[in-house]
Amino acid sequence: MSDRFDTRILDITTGGSETVADLTRDCEAYLEDVARGRDGLLNVFVPHATAGIAILETGAGSDDDLLSALHELLPADHPWRHRHGTPGHGRDHVLPALVAPHATLPVVNGRLELGTWQSVCLVDTNVDNPDRQVRLSFLG
């Protein structure tokens, strides 16, 4: 049974364009503070109806490929029933069904266990709300 639970909120500004923001270093810094060499789980959660958390390679085009794929799957010009905000904003509210608002990751010896090219990313297509929070929680 775990003897330690800790949580922290990150305030992230994504700006006025769709983005895939790499949170990996933030997660690693958080674990340096709280895990102290223990094994456990890191949960990353974005409490917003229009954003998600993805584990993917960044910097080699995959982040842009993800945004392109989301444009094809969720076109802004679709007649979305959810219509407030900028044109096509209804797609932003469908995003979390495809890119979940959370991820739970293993922590071994206090370190995040990701694959060689994996990064923890905030996926935000909502240009109407550039201010986001991400909750990091460690159970170990």
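Helices here are DSSP runs of H or I at least four residues long, and strands are E runs of at least two, numbered from the N terminus. With that settled, the chain of this predicted model reads β-β-α-β-β-α-α-β-β-β-β along the sequence. That makes three helices and eight strands.

On overall dimensions, the C-alpha trace spans about 50 × 30 × 25 Å along its principal axes. The radius of gyration is 16 Å, and a compact globule of 140 residues would come out near 14 Å, so the two values agree. As for how the chain is wired, 84% of the contacts between residues at least 6 apart in sequence join residues at least 24 apart. Of the 140 residues, 41% count as buried. The exposed surface adds up to about 7700 Å², with carbon and sulfur atoms supplying 50% of it. Charge is split between 11 positive and 21 negative side chains, and the centres of the two sets sit 7 Å apart.

Now for the inside. In soluble globular proteins, nonpolar side chains tend to be buried together. Here the largest nonpolar core has 23 residues, and L42 and L122 are the ones that touch the most other members. At least two residues each are supplied by β1 (5-13), α1, β3, β4 (51-56), β5, β7 (119-124) and β8 (131-139). Helix α1 gives the largest share, four residues. Looking past its neighbours within four places in sequence, L122 is in contact with quite a list: I12, T14, T19, V20, A21, L23, V46, A51, G52, I53, R132 and V134. Apart from this core lies another one, made of 12 residues, including L56, L70, L74 and V123.

A54, in strand β4, is worth a stop of its own. With a relative accessible area of 12%, A54 falls under the 20% cut-off and therefore counts as buried. Leaving out residues up to four places away in sequence, A54 touches L66, V99, S119, V120, C121 and V123. P75, by contrast, is 21 residues from A54 in sequence and 20 Å away in space, C-alpha to C-alpha.

Helix α3 (residues 89-98) has its own buried set: H89, G90, R91, D92, L95 and P96. The cover over these buried residues includes β4, α2 (62-73) and β7.

Finally, a couple of backbone oddities in the loops. R36 has a phi near 50 degrees, a positive value in a residue other than glycine. R36 belongs to the loop between α1 (24-34) and β3 (40-45). N109 does something along those lines, with a positive phi of about 55 degrees although N109 is not a glycine either. Its place is the loop between β5 (102-108) and β6 (111-112). Are these loop residues buried or exposed? The relative accessible area of R36 is 56%, and because exposed means over 50%, R36 counts as exposed. N109 has a relative accessible area of 56%, so N109 is exposed as well.

Conventions
Residues numbered from 1 in each chain as written. Predicted model: local features only at pLDDT ≥ 70, side-chain atom pairs only at ≥ 80, totals over all residues. Heavy atoms only, no water. Buried < 20%, exposed > 50% of the residue type's maximum accessible area, 1.4 Å probe, protein only. Core = buried A, V, L, I, M, F, W, Y, C linked by side-chain atoms within 4.5 Å. Contact = heavy atoms within 4.5 Å. Rg over C-alpha atoms; globule rule 2.2 N^0.38 Å. Areas by Shrake-Rupley, 256 points an atom, 1.4 Å probe, with all protein chains shown as cover. Lys, Arg positive; Asp, Glu negative; His and termini not counted. Charge placed at Lys NZ, Arg CZ, Asp CG, Glu CD.
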